[in-house]
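User: Hi! Could you walk me through the fold of this protein, one question at a time?

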Amino acid sequence: MNSIAAYFWWIWSVITFVPRWAWSKLLKKQPTLYCANQVDEFPDSLKPLTVYLAGERGNLWAAAMLCPCGCGEKIELNLLEQVRPCWSAEQHSDRSITLMPSVWRQKGCKSHFFVRHGQIDWC
Ligand SMILES: [Zn+2]
């Protein structure tokens with residue numbers, strides 16, 4: 001009896017192998033886009049793949065995100081034109097975000113990247 005159960009289990013795992021493999025491919029293919037999240041104040045712990053925008057609509061003063069290299073450092077960017085250096089944050093209809101100019105960390109991991117339409121372009 002046990003061998004029959006093992007046989008059916010084997011058949012089952014063969015039948016379900018293709019969909020499971022396709023599903024894992026599909027999950028990996030999903031784009032990992034940085035999305036904008038507008039807040040009054042930056043939270044203490046930032047979520048990955050999120051660019052926090054502080055301020056009111058049309059009047060944003062700062063952006064914050066976790067460093068995309070995985071070092072866990074928080075990056076804060078000034079969005080006020082009167083203060084240098086200054087970045088601009090553009091939100092797109094799919095909630096993804098573009099930051100201009102590039103982000104270049106002077107300390108720590110020294111990451112240098114663009115955020116374009118929610119995707120990290122390393123320099
Ligand atoms: Zn980093």
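Here are a few questions and answers on this predicted model.

User: Which domains does the assignment give, and how many Å separate their centres?

Analyst: Happy to start there! The domain assignment splits the protein chain into domain 1 (1–30) and domain 2 (35–122). Taken over C-alpha atoms, the distance between the two centres is 41 Å.

User: What are the edge strands of the open sheet of 4 strands?

Analyst: The strands of this open sheet follow the order β5-β6-β7-β8, with antiparallel pairing. An edge strand pairs on one side only. That description fits β5 (88–91) and β8 (119–122).

User: How many bridges join β5 to β6?

Analyst: Strand β6 covers residues 97–104 and runs antiparallel to β5. One of the bridge pairs matches Q91 with I97 in β6. The number of bridges joining β5 to β6 is 4.

User: Which elements give two or more residues to the largest nonpolar core?

Analyst: This core has 12 residues, among them Y34, V51, M65, I97 and V115. I97 is a nice link to the previous answer, as the bridge partner of Q91. The elements that each give two or more residues to the core are β2 (50–56), β3 (59–66) and β6.

User: Which residues does V51 touch, leaving out those up to four places away in sequence?

Analyst: V51 belongs to the largest nonpolar core, as do Y34, A36, A63, M65, I97 and V115. Those core residues are among its contacts, and N37 and A89 are touched too. With that sequence cut-off, V51 touches Y34, A36, N37, A63, M65, A89, I97 and V115.

Key: Residues are numbered from 1 along each chain as its sequence is written. This is a predicted model: local features need pLDDT of at least 70, side-chain atom pairs count only at pLDDT 80 or more; totals for chains, interfaces and linings use all residues. Two strands pair if DSSP finds at least two bridges between them. A nonpolar core is a set of buried Ala, Val, Leu, Ile, Met, Phe, Trp, Tyr and Cys residues joined through C-beta atoms within 7 Å. A residue is buried if 20 or more other C-beta atoms lie within 10 Å of its own, exposed if 12 or fewer, and partly exposed in between; C-beta atoms are placed from the backbone. Two residues are in contact if their C-beta atoms, placed from the backbone, lie within 7 Å. Domain bounds come from an automatic or database domain assignment.
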